[in-house]
Every structure is written in structure tokens, then in C-alpha cells.
Amino acid sequence: MQKTPMVKSPMARKTRRNECSLLLFVLLILAAIMLLLGSTVLAQIYLPNPAPEPSEYGKVVFDKHSATGPGPVVFDHWLHRSHFTCRLCHVDVGFAMEANATGITAATNREGFHCGACHDGKKLFEGRPIFPSCSDAPENNQCDRCHSLGKPGVRKYEYHKFTAKFPKGIYGVDWEQAEQTGVIKPADFVEGLSVKRPPMPRRGDFSIKAQDSWVHPILFSHQKHVVWNGCELCHPDIFPAAQKGTARYSMFSNIEGRFCGACHGKVAFPLNNCKGCHPRGPTWAP
Ligand code: HEC
Ligand code: HEC
Ligand code: HEC
Ligand code: HEC
Ligand code: HEC
Ligand code: HEC
């Protein structure tokens with residue numbers, strides 16, 4: 001075997017190698033910058049704000065009358081949704097699906113509307129009367145259980161203790177599991193509050209075909225949603241059409257709080273849980 005003759009001096013070879021690695025280095029930097037720019041732009045477009053702590057998630061603070069009342073009121077979805085369906089409160093009681101949009105006052109509560117529809121000191125829950133709201137009764141010393149903002153220790157229920165035995169998912173309580181395994185049995189009917197209705201029709205499940213071909217279809221279970229939401233929470237306000245494929249959803253509109261985002265991101269599992277809706281894909285290519 002013969003060695004190939006040297007064409008260039010070792011010196012020349014070294015410079016060439018240096019030029020090569022410099023070029024490679026510049027290219028790498030460029031690629032990194034592009035990746036970085038690209039992903040921040042994408043992130044700004046698609047990433048919803050990180051959800052708050054599960055204990056804070058779905059919390060509504062009422063602070064309209066704090067000057068005249070015993071202070072701001074805290075309402076927690078984690079507690080109430082363990083006992084009642086969304087439909088019961090948002091249809092039968094008639095709460096808006098938007099914080100501070102219902103116009104609750106001490107007077108409406110005393111008349112038996114809003115919080116007072118249940119919190120009237122008479123309706124029974126697990127054999128005990130539910131503590132009353134905004135009553136004038138002198139024996140009612142439970143005002144702070146609702147008017148609780150910034151008053152530690154006044155409440156009976158605390159998130160971590162209350163949900164200790166609930167199945168957990170990637171983000172706090174897995175409510176779907178909790179309901180399916182019977183850990184919670186949210187009531188859809190409260191005597192004196194709801195009207196008797198025929199059983200709800202079964203709805204088939206379907207998948208939502210994304211407009212972009214690179215996105216796997218998004219599974220949607222009509223039936224599972226009906227358990228919590230009935231029909232009226234979604235039709236006609238959030239999804240007006242009685243025909244599949246009419247709504248033009250996108251992740252933009254979800255993040256803006258429309259369509260799926262009307263609930264997912266506020267009370268149902270948050271939009272950050274990409275796999276909850278895009279089970280077939282990695283985060284960035286669902
Ligand atoms: C015990 C009654 C009750 C139950 C059960 C309940 N909600 Fe609510 N929800 C409320 C009240 C009260 C508000 C605040 C309304 C207001 O301020 O006008 C609210 C507000 C909301 C909002 C708006 C939140 C925001 O930050 O803008 C959404 C979305 C919502 N609920 C969805 C749901 C879903 C989904 C369920 C079932 C998993 C559910 N709710 C169960 C009473 C309830
Ligand atoms: C559908 C019935 C229902 C409605 C409507 C309802 N609640 Fe409740 N709420 C309950 C029940 C039942 C409990 C558990 C009571 C118990 O175990 O003592 C509860 C518990 C609470 C607690 C927990 C108190 C503690 O000591 O930890 C707060 C706070 C509360 N409700 C606030 C509200 C507010 C504010 C509203 C109105 C915006 C409201 N609730 C509307 C049924 C209801
Ligand atoms: C079940 C929950 C609950 C309980 C218990 C409760 N409140 Fe309220 N209260 C509310 C809500 C909700 C509002 C509306 C707050 C807002 O929008 O700022 C309110 C508002 C008020 C206001 C403001 C003025 C007005 O006209 O709305 C006063 C005063 C008030 N409550 C007094 C009381 C007193 C006194 C008690 C105890 C005897 C009490 N509340 C117990 C839920 C409750
Ligand atoms: C509550 C359900 C839900 C969650 C959670 C969710 N998505 Fe989506 N996503 C959808 C739906 C529905 C569409 C279909 C839009 C269409 O018709 O093209 C979609 C579409 C998309 C698309 C296609 C482009 C577009 O705007 O249509 C991308 C990319 C996407 N999602 C990324 C994500 C990422 C990243 C996350 C987590 C941060 C996420 N999604 C979480 C429901 C969800
Ligand atoms: C969580 C929200 C949600 C709930 C709750 C819900 N739907 Fe729907 N429904 C949808 C969505 C999303 C579509 C598809 C709309 C589109 O693509 O434009 C749809 C489509 C439909 C369609 C047309 C397609 C088909 O399957 O025939 C009918 C009819 C319908 N829903 C009836 C109902 C009835 C009846 C109930 C109560 C038993 C109900 N829905 C509960 C979200 C919901
Ligand atoms: C009216 C409120 C509401 C709307 C609108 C809504 N969801 Fe949900 N969704 C819920 C609730 C409540 C649950 C129960 C689990 C939870 O709260 O985290 C749920 C659960 C789910 C689950 C888990 C159930 C399962 O199949 O295992 C998926 C997936 C889902 N939603 C996707 C969607 C998509 C996609 C859309 C939009 C097309 C949508 N949701 C619109 C309220 C809603």
C-alpha cells in the first residue's frame with residue numbers, strides 16, 4: 001500500500017479546516033437564532049397562559065360590593081363541581097359562564113336566587129341544611145365562609161384536604177376519572193330548584209377534523225360532555241350549529257376563550273394540557 005502524496009502543506013490544510021469550522025459555526029448560530037425566533041413566535045401564537053395552581057383554578061372572586069358588605073366573596077368550582085353538574089348551576093340556577101356577569105347581590109341571595117338558591121339555611125345537603133347566604137338572621141354567624149377573601153381559617157373546606165382521595169391527572173384532579181369511578185357523583189337535580197326532565201338523548205362521539213392536514217383529528221366525546229353540561233351549555237351559545245363541521249375553531253379562538261376555550265382554560269382541564277385533546281401527538285405537532 002502506498003500513501004497518497006501530500007498535495008498541500010500541513011499549514012494550508014489547517015487554515016482550510018479552520019475556515020470550514022467557522023462556516024459551520026456561523027451556520028449553527030443562524031439555525032439556533034431561527035429556531036429561537038420561530039419557537040417564540042409560535043409560542044406567542046399557540047401557548048395559552050400557564051394555568052394557575054389547581055387550588056386557584058376556577059376560582060371566582062366577587063368584589064363589587066366590598067365597600068358596603070362584609071368583604072369580597074370567594075366561590076370555588078372544585079368544591080361545587082364535586083357535588084353538582086355544570087348544567088344545574090349554569091342552566092337551572094342561571095349563573096353566567098363569565099365571572100361577575102350575573103349581578104348577584106345580598107338581596108337576590110336572600111330572595112332565593114343565585115347563591116341563595118341553595119344557601120338558604122333550609123335545603124338539605126347530606127342531611128344538613130346548607131348554610132344561608134346574606135341573611136339578616138342574628139344567629140347566622142357564617143358570613144365569612146363566603147365573604148372570605150384574605151381571611152385565613154374561616155372556611156371549612158380546603159382544596160388539598162378535600163381532593164386528597166380524588167384521582168389526579170397531569171393537571172390537578174382528573175375530573176373525568178373522578179366521575180367515572182364514582183368518587184364524585186355530581187347531582188343534576190335539586191328538589192325545588194330543577195324541573196323534572198326526560199332523560200337526555202344519547203349523543204354519538206365524533207372527532208373534529210383540524211383544518212390543517214398536519215394536525216391529527218381531535219377526539220370529542222359528545223356523550224361525556226353531556227354528563228356534565230347537558231345540551232344547553234354548548235348549544236346554541238358556544239356551538240350554534242346543529243351540523244357537524246360548521247364551527248370554524250382554531251387554537252387561536254380556543255385561547256381567546258371561545259369554543260372549547262369557553263370551559264377549557266377556566267374550569268374544565270386547561271388548554272396547557274395539550275394531550276388532553278391531542279392524544280396522538282407530541283406537544284408541537286399535535
Ligand atoms: C354551584 C354552582 C356551579 C357549578 C356546579 C358550576 N358552576 Fe361555573 N360558575 C358558577 C358561578 C356562580 C360562576 C360565576 C358567575 C358570575 O360571576 O356571574 C361561574 C362561572 C363559570 C365560568 C366563567 C369563569 C370565569 O373565570 O370567567 C365558567 C367557564 C364556568 N363557570 C364553567 C363551569 C363548568 C364547566 C362547570 C362544571 C364542570 C361549572 N361551571 C360548574 C357556578 C357554578
Ligand atoms: C346548587 C347548590 C349551590 C349553589 C347554587 C351554591 N352553593 Fe355553595 N355550597 C353548596 C353546598 C352543598 C356546599 C357544602 C356545604 C357544607 O358542606 O356545609 C357549599 C359550600 C360552599 C362554600 C364552602 C364554605 C366552607 O366553609 O368551606 C362556599 C364558600 C360557598 N359554597 C359559596 C357559594 C357562593 C358564593 C355561591 C354563589 C355564587 C354558592 N356557593 C352557590 C351548594 C351550592
Ligand atoms: C353562600 C355565600 C354567602 C354567604 C354565606 C353570605 N354572603 Fe353576602 N354576598 C354573597 C355574594 C356572592 C355577594 C355579592 C358580592 C359582590 O358581587 O361583590 C354578597 C354580597 C353581600 C353584601 C353587599 C351588598 C349587597 O347588597 O349586595 C352584603 C352587605 C352581604 N353580602 C352581607 C352578608 C351577611 C351579613 C352575611 C352573613 C349573615 C352574608 N352576606 C353571607 C354571598 C354570601
Ligand atoms: C380543549 C381541547 C384542546 C386542547 C387542550 C388543546 N387543543 Fe389544540 N386544537 C383543539 C381543536 C378543537 C383544534 C381544531 C382546530 C381546527 O378546526 O383546525 C385544535 C387545533 C390545534 C392546532 C392546529 C392549528 C389551529 O389553530 O387549528 C395546533 C397547532 C394546536 N391545536 C396546538 C395545541 C397545543 C400546542 C396545545 C397545548 C398547549 C393544544 N393545542 C391544546 C383543541 C385543543
Ligand atoms: C361541550 C359542548 C357540547 C355539549 C354539552 C353538547 N354538544 Fe352537541 N355539539 C358540540 C360540538 C362541538 C358539535 C360540532 C359542531 C360543529 O362542528 O360545528 C356538536 C354537534 C351537535 C349536533 C350535530 C352533529 C350530530 O352529532 O348530529 C347535534 C344534533 C348536537 N350537537 C346535539 C346535542 C344534544 C342534543 C346535546 C345534549 C344531549 C348536545 N349536543 C350537547 C358540542 C356539544
Ligand atoms: C361547556 C363547557 C365545555 C366545553 C365548551 C368543552 N368542554 Fe371538554 N370538558 C368539559 C368538562 C366539564 C369536562 C370534564 C373534565 C374536566 O372538567 O376537566 C370535559 C372533558 C373533556 C375531555 C376529556 C373527556 C374524555 O373524552 O376523556 C376532552 C378530550 C374534551 N373535554 C375536549 C373538548 C373539546 C375538543 C372541546 C371543543 C370542541 C370541548 N372539550 C369543549 C367542559 C367543556
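**Ligand shells, cores and confidence in the predicted chain**

Two helices, helix 9 (251-255) and helix 10 (274-277), each put at least two residues into the shell around ligand 4. That shell counts 24 residues, and the ones that come nearest are Ala210, Ser250, Met251, Cys274 and Cys277. By class, the shell around ligand 4 splits into 14 nonpolar, 9 polar and 1 charged. All of this is read from a predicted model, so how far each part can be trusted is taken up at the end.

Ligand 3 comes next. Around ligand 3 there are 26 residues, with His65, Gly69, Cys134, Cys143 and Cys146 coming nearest. Helix 4 (106-110) and helix 5 (143-146) are elements that each give at least two residues to this shell. Its make-up is 11 nonpolar, 12 polar and 3 charged residues.

One of the residues nearest ligand 3, Cys134, has a backbone quirk: its phi is positive, at about 45°, even though the residue is not a glycine. Cysteine 134 sits in the loop that runs between strand 4 (128-129) and helix 5. Is cysteine 134 buried or exposed? With 22 other C-beta atoms within 10 Å, cysteine 134 is buried, the cut-off for that being 20 or more. Histidine 114 is another non-glycine residue with a positive phi, here about 50°. Its place is the loop between helix 4 and strand 3 (124-125). Histidine 114 counts as buried because it has 22 C-beta neighbours inside 10 Å.

Then there is ligand 1, with 23 residues around it. His80, Cys86, Cys89, Ala99 and Thr102 come nearest to ligand 1. Helix 2 (77-83) and helix 3 are the elements giving two or more residues to this shell, and helix 3 gives the most, with 4 residues. The shell around ligand 1 holds 15 nonpolar, 5 polar and 3 charged residues.

Helix 3 also matters for the packing of the chain's interior. The largest nonpolar core has 6 residues in all: Phe84, Cys86, Leu88, Cys89, Trp228 and Leu233. Helix 3 (residues 86-93) accounts for the largest share of this core, 3 residues. A second core lies apart from it and has 5 residues, among them Val73, Ile104, Cys115 and Cys146. In soluble globular proteins, nonpolar side chains tend to be buried together.

Which residues of helix 3 are buried? They are Cys86, Arg87, Leu88, Cys89 and Asp92. Helix 2 and helix 8 are included in what covers these buried residues. Cysteine 86, which belongs to the largest nonpolar core and is one of the residues nearest ligand 1, touches Arg81, Trp228, Asn229 and Leu233 once residues up to four places away in sequence are left out. Right after helix 3, glycine 94 adopts a positive phi of about 90°.

Farther along the chain, the peptide bond from histidine 235 to proline 236 is cis, with omega near 5°. Proline 236 is in the loop between helix 8 (222-229) and helix 9.

As for the chain as a whole, 10 helices and 6 strands are found. Of its 286 residues, 16% are buried. Among contacts with a separation of 6 or more, 48% link residues 24 or more positions apart.

How confident is the prediction? The pLDDT averages 83 over the chain, and 79% of the residues score at least 70. Where is confidence lowest, and where is it highest? The low end is helix 1 (residues 10-46), with a mean of 50, and the high end is helix 2, at 98. Residues 1-15 have a pLDDT below 50, and this stretch makes 1 contact in the model beyond near neighbours in sequence. Residues 33-44 stay under 50 as well, and the model has 0 contacts for them beyond four places in sequence. Where pLDDT is low, the predicted coordinates should not be read in detail.

Note on methods:
Residues are numbered from 1 along each chain as its sequence is written. Chains are lettered from A and ligands numbered from 1 in the order in which they are written. This is a predicted model: local features need pLDDT of at least 70, side-chain atom pairs count only at pLDDT 80 or more; totals for chains, interfaces and linings use all residues. A residue is near a molecule or strand if its C-beta atom, placed from the backbone, lies within 6 Å of it. Ala, Val, Leu, Ile, Met, Phe, Trp, Tyr, Cys and Pro count as nonpolar, Asp, Glu, Lys and Arg as charged, and the others, Gly among them, as polar. A nonpolar core is a set of buried Ala, Val, Leu, Ile, Met, Phe, Trp, Tyr and Cys residues joined through C-beta atoms within 7 Å. A residue is buried if 20 or more other C-beta atoms lie within 10 Å of its own, exposed if 12 or fewer, and partly exposed in between; C-beta atoms are placed from the backbone. Two residues are in contact if their C-beta atoms, placed from the backbone, lie within 7 Å. pLDDT is the predictor's confidence in each residue, from 0 to 100.
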